[in-house]
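Please open the model in your viewer and keep the selection tool at hand, since this tour goes from one selection to the next and says what is there at each stop.

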Amino acid sequence: MEISSTTNEYDRLIARHHAMRLRRQLLVPASSSRSAADRPSVTAVAEGRDGYDGAADQGLIRDSLGSVAPLAELIDRLYAVMFRRRPYLRSLFPASMEFQQAHLERMFAYLIEHLHRPDRLAASLALLGRDHRKLGVRPVHYEAFEEALREALRHRAGSRWSEGVEAAWVRMLRFAVGAMSAGAESALAEPPYWRAVVVGHQRRRPSLAVLRVRTGEPYPYRAGQYGAVEHPRLPHTWRQYSMGCAPRADNELEFHVRRTGPGGVSEALVEHTAVGDELRLGPPRGTLMPEDGTRDLLLVAAGLPPARVHHDPLPGRVHHAPLPARVHHHPLPGRV
């Protein structure tokens with residue numbers, strides 16, 4: 001009961017924060033200056049999108065990997081430092097950090113690999129920033145992350161640490177934070193997440209369930225997109241699922257969920273979900289439809305839902321892309 005009331009209070013604070021920021025954006029002229037507290041790591045925006053030399057930092061960081069690798073151990077140290085210095089931040093993360101740490105490791109690898117193309121990288125990071133709003137991430141959290149990264153780098157590098165290498169890592173981080181913050185700012189009019197009530201739950205197989213949920217306000221997705229889902233049993237743990245139906249006027253969505261292992265979101269959705277339960281959905285992401293709807297479309301799918309939405313005959317569909325001339329669907333054997 002205490003956990004539930006704390007989560008509800010946190011949700012109310014998040015909603016009020018976004019409402020206040022949106023109100024300020026609407027009332028204050030665009031030309032007026034904002035206070036430093038209102039700027040989400042703006043130095044990183046300037047560095048990353050206005051002449052940031054990502055290629056130079058990429059070389060320095062790659063040269064330093066031998067002294068701080070493996071990345072998994074660097075990240076272990078980073079989170080240990082951050083939670084020791086800022087214990088209150090631990091509540092923003094899932095109970096099990098395994099998935100989160102693996103995700104950050106992939107993120108660091110992606111940043112390092114593409115740092116020589118900061119313009120393209122910024123576009124991807126902006127989308128990530130929009131998505132991170134559902135986690136309640138604030139500029140002060142990025143500052144705590146940077147502080148922990150500095151200490152983790154020094155610990156891992158030992159005698160091979162240098163100011164130049166640390167500065168390159170910090171510039172890369174600030175560039176990423178700036179692009180993500182800009183993406184979050186651009187989505188102020190969009191909710192950070194949608195509440196969805198379960199209106200149907202069918203077990204098609206022991207490990208497979210079809211969920212129907214209804215949002216209180218329109219969920220603006222297009223056919224072929226996916227959304228992150230959070231279950232109340234696992235706060236701050238989100239998993240991505242493709243919508244299994246075309247957009248409908250009654251705000252109802254369908255998810256086909258296969259249990260992939262014990263203790264995760266898929267198990268909670270398949271085995272511990274009932275009509276009336278409330279889930280949270282992150283903003284819709286991705287695309288599957290081609291821009292040109294005049295050509296035939298061949299869909300070879302490992303699962304039915306992403307392909308099905310393109311020829312779903314539901315009359316209430318809205319916001320969908322033009323249908324291709326013909327759709328040829330070929331599910332892989334044994335995976336429908």
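Begin with the strands: six of them form an open sheet in the order E4-E3-E6-E1-E2-E5, with antiparallel pairing. Strands here are DSSP runs of E with at least two residues, and helices are runs of H or I with at least four residues, both numbered from the N terminus; two strands pair if DSSP finds at least two bridges between them. Strand E4 (238-242) and strand E5 (252-258) stand at the edges, and because each has a single partner strand, one side of each is left without a neighbour in the sheet. Neighbouring strands of this sheet are turned by 40° against each other on average, direction ignored, where the axes are lines fitted to C-alpha atoms, for helices over the stretch in contact, and angles run from 0 to 180 degrees between N-to-C directions.

Before going further, please note that this is a predicted model, in which local features need pLDDT of at least 70 and side-chain atom pairs count only at pLDDT 80 or more, while totals for chains, interfaces and linings use all residues. Residues are numbered from 1 along each chain as its sequence is written, and side-chain values use heavy atoms, with hydrogens and water left out.

Staying in the sheet, select strand E1 (residues 194-205) and strand E6 (residues 278-281), which run antiparallel and are joined by four bridges. Val197 stands opposite Glu278 in E6. Then select Arg280, which lies over the face of Tyr193 at 4.1 Å from the ring centre; a charge sits over a ring if NZ of Lys or CZ of Arg is within 6 Å of the ring centre and within 35 degrees of the ring normal.

Next, turn to helix H4 (residues 71-85) and select Tyr79 and Phe83, which are four residues apart and therefore separated by about one helical turn. Rings of Phe, Tyr and Trp (its six-membered ring) pair if their centres lie within 6.5 Å, and planes under 30 degrees apart count as stacked, over 60 as edge-to-face and the rest as tilted. Tyr79 and Phe83 form a stacked pair, at 5.7 Å centre to centre with 25° between the planes. Add Phe93 to the selection: the rings of Phe83 and Phe93 have centres 5.3 Å apart and planes at 70°, so this pair is edge-to-face. Phe93 is in the loop between H4 and helix H5 (98-114), ten residues from Phe83. Ring pairs thus link Tyr79, Phe83 and Phe93 into a cluster. Phe83 counts as buried at 16% relative accessibility, and Phe93 counts as buried at 18%, where buried means under 20% relative accessible area, exposed over 50% and partly exposed in between (1.4 Å probe, protein chains only).

For the last stop, keep helix H4 in view and select Arg77, which forms a salt bridge with Glu151, the closest N and O atoms being 4.0 Å apart; the term means a side-chain nitrogen of Lys or Arg within 4 Å of a carboxyl oxygen of Asp or Glu. Glu151 lies in helix H7 (residues 139-157), so the pair ties together parts that are 74 residues apart in sequence. Arg77 is partly exposed at 28% relative accessibility, whereas Glu151 is buried at 18%. Also in H7, Glu147 meets Arg86 in a salt bridge (2.7 Å, N to O). Finally, select Arg77, Arg84, Arg85, Arg86, Glu147 and Glu151 together, since these residues are linked in a network of salt bridges.
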